[in-house]
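Reader: Please take a close look at the enclosed empty space in this model. What lines it?

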Amino acid sequence: MQVTLFFVVVAQVIHFDWDNIEETAFGLFGAEEAEWYYQSSQGEAWRYALEPTEGQGGLEYFRPSSGINVLAMDCQFYAPRDIVVEDGTSVRFNFALALDVQMQAGRAQPTHAMTQSWRVINTCDDTEMNEHLAAGHRHSWVTIHCAPDLLAQLAGKEAADLPELLHPLPDWYSGKSINSPFETDRRLSEAVADILNCKLEGNLRLQYVQARATELLCLALYQLLEPPRSAPEIKLTIADEAAIRAIAEQLRYEFADPPSIAKLAMDSGINRNKLFYGFRNFYGVTISRYLQNLRLERGYELLTTSDLSLLEICEQAGFSHQSNFSTAIRNRFGMSPKELRKERT
């Protein structure tokens, strides 16, 4: 009798607790200890580098005395990571230059974040956020974790006057979350890139990151406190949602020479209005910005991993002019194509 054996590989689940970052970073990065640690009356800072067998890059965590906790991450994993994040009663702001993460809190609908944007993540105190970080993809972002009261002080308002998505979630909301994406702009991207590329050390580094993180929060709060822009109410069916997700996946492979919006809408059986506003609601960016993000990610990858000429990289990334490509790369990553290539050596 032939016996067939089946082996089931269970992915390691990593618990990430914002209140105990120094204990939970080990599971995420496989490092025995922090690459460096700094402490003063102004706060603390750690850096963890990925073990060479785990991937490339690393993570920095800053805990300044102001109460604004900052995590700066720029890495690529060789294998996917499943993480359970505990946010407690604080609100999380994520400002991403690049990512491919699936998120789900409790019974809430899962969210797939995979393009440059910023988002507010607010969960109940007893709700865990499950996050799946894709392998082989660059994860580059700055996350700020702080209490609603601190946000109110920063905005110069009473806590009750802040937008609802920043309020502590009520008991009846338990098991759910708020995960709202917003379109980023040049100022936000530059601030994120400056934090990730900061060359300062010691207390200067801590103070600089705190200042830029405060700037990010101010820009985000200003956008949240602005009167909402009028937009038509769009009701999406389950088929519409599936079509929008399929289009996003299609564009990940056809970003260099994508079909027109009209063709995408016609081929998917969804009208252009639903496609435009539905896509923005799902991914926090317009289709054109989504394509631009994918092109820049491809350009960054080729600049840092290949010996192709700048002209060849522009063509593969979908840029028709080198000057446009160079400007876009500098605006996004804070360095020119030449400087990025110099960094890898």
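Author: The cavities are described below, starting with the largest. This is a predicted model, in which local features need pLDDT of at least 70 and side-chain atom pairs count only at pLDDT 80 or more, while totals for chains, interfaces and linings use all residues. Residues are numbered from 1 along each chain as its sequence is written, and side-chain values use heavy atoms, with hydrogens and water left out.

The structure holds 2 cavities of 30 Å³ or more. A cavity is a set of points, on a 1 Å grid over the protein atoms alone, where a 1.4 Å probe fits but cannot get out; lining residues have an atom within 4 Å of a point. Grid points are joined across faces, edges and corners, and a volume is the space filled by probe spheres set on the points.

The largest cavity has a volume of about 220 Å³. It is lined by 19 residues, of which Arg92, Asn94, Glu131, Trp141 and Thr143 are the closest to its centre. Elements giving two or more residues to this lining include β7 (91-98), β11 (129-133) and β12 (138-146); strands are DSSP runs of E, at least two residues, and helices runs of H or I, at least four, numbered from the N terminus. By class, the lining of the largest cavity has 14 nonpolar, 2 polar and 3 charged residues. Ala, Val, Leu, Ile, Met, Phe, Trp, Tyr, Cys and Pro count as nonpolar, Asp, Glu, Lys and Arg as charged, and the others, Gly among them, as polar.

The second largest cavity has a volume of about 40 Å³. Its lining includes Phe95, Trp118 and Leu188, and β7, β10 and α3 (186-196) each supply at least two residues. This lining has 6 nonpolar, 4 polar and no charged residues.

Methods: 1 Å grid on protein atoms, 1.4 Å probe; cavity = no way out; pocket = protein on both sides within 12 Å on 5 of 7 lines; lining within 4 Å.
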